[in-house]
Amino acid sequence: MRTSTHPRTAPFTARPVDPRTLAELRAADDAGRPARPVRDEEGGAPLRCCLRRSRPGELIALVSYAPLRRWATATGADPGAYDEQGPVFIHAEGCEGPADDGLAFTGSHRVLRRYSADGRILGGRLVEPAGEATNASFSAALKEAFDLPDVALVQVRAVEYGCFLYEVRRP
């Protein structure tokens with residue numbers, strides 16, 4: 001798992017899709033479809049298994065994933081209408097997981113969606129890249145989210161397509 005610390009904030013851990021869930025998604029995704037491996041000729045797909053971009057030639061799969069539903073099932077929460085599923089890229093075969101301790105995919109516009117322990121959305125925040133200070137501004141936005149006592153987890157999502165990238169839970 002990736003852990004990032006900012007001098008004035010608590011550590012935040014970016015949680016990739018866990019290995020058991022990855023095995024399930026490779027067999028049948030959250031929409032019930034089997035994964036269809038493809039060779040990524042260009043590279044650059046944001047992989048949710050190891051929180052890095054794919055390299056040219058890697059075997060990847062685009063699968064449907066319901067992160068809040070899976071979290072809610074594990075915790076007993078009821079996300080109600082906030083339950084959603086969407087496309088995520090993963091390695092089509094086993095993966096070594098994250099290689100370093102930095103927060104992933106912070107160099108682009110991101111939305112941080114905040115959720116309560118009962119699965120309800122508590123709002124969101126747009127985080128814009130800020131050059132060399134991007135990781136600091138991203139960590140500050142996470143700290144701001146977790147300063148709210150009702151926030152149990154934050155989903156990091158791409159702005160352009162709304163795709164889930166990873167979650168961060170209360171430190």
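This passage walks through the helices, the cores, the strands and two buried residues of the model.

The structure is a predicted model, so local features are given where pLDDT is at least 70, side-chain atom pairs count at pLDDT 80 or more, and totals for chains, interfaces and linings use all residues. Residues are numbered from 1 along each chain as its sequence is written, and side-chain values use heavy atoms, with hydrogens and water left out.

Let's start with the helices. Here helices (H or I, at least four residues) and strands (E, at least two) are DSSP runs numbered from the N terminus. Buried stands for under 20% relative accessible area, exposed for over 50%, and partly exposed for anything in between, with a 1.4 Å probe and protein chains only. In helix α1 (residues 19–27), the buried residues are T21, L22 and L25. Seen down the axis, they fall within an arc of 100 degrees, so they line one face of α1; the arc is that of the directions from the helix axis to the C-beta atoms. Turned away from that side are the exposed residues P19, R20 and A27. A handy rule helps here: an α-helix has 3.6 residues a turn, so residues three or four places apart point the same way. As for partners, the buried residues of α1 pack against β6, α2 and β7 (86–91), where contact means heavy atoms within 4.5 Å.

Helix α2 (residues 67–75) has P67, L68, W71 and A72 as its buried residues. These cover an arc of only 130 degrees around the axis, which puts them on the same side of α2. On the other side, T73 and A74 are exposed. The buried residues of α2 pack against four strands, namely β6 (58–65), β8 (110–116), β10 (151–158) and β11 (164–169). Right after α2 comes G76, with a positive phi near 85 degrees.

Next, the cores. A nonpolar core is a set of buried Ala, Val, Leu, Ile, Met, Phe, Trp, Tyr and Cys residues joined through side-chain atoms within 4.5 Å. The largest one has 20 residues, and L112, F138, L142 and Y166 have the most contacts inside it. Two or more residues come from each of β2 (12–15), α3 (134–146), β10 and β11, with α3 giving the most, 5 residues. Beyond its neighbours within four places in sequence, Y166 is in contact with residues including A14, L51, F105, F138 and V156. There is also a second, separate core of 16 residues, with L47, C49, I60 and V88 among them.

Strand β8 is mostly covered, as 5 of its 7 residues are buried. Two strands pair if DSSP finds at least two bridges between them. β8 pairs with β9 (residues 121–127) in the antiparallel sense over 6 bridges, and Y115 stands opposite I121 in β9. The hairpin of these two strands has 4 residues between them, and there G119 takes a positive phi near 95 degrees. β8 also pairs with β10, again antiparallel, over 7 bridges; L112 has V156 in β10 as its bridge partner.

Finally, two single residues. P46 sits in strand β4 (residues 46–47) and is buried, with a relative accessible area of 16%. Not counting residues up to four places away in sequence, P46 touches R52, R53, F89, F105 and L165. D40 belongs to strand β3 (residues 38–40). Under the same sequence cut-off of four places, residues touched by D40 include A45, S54 and I60.
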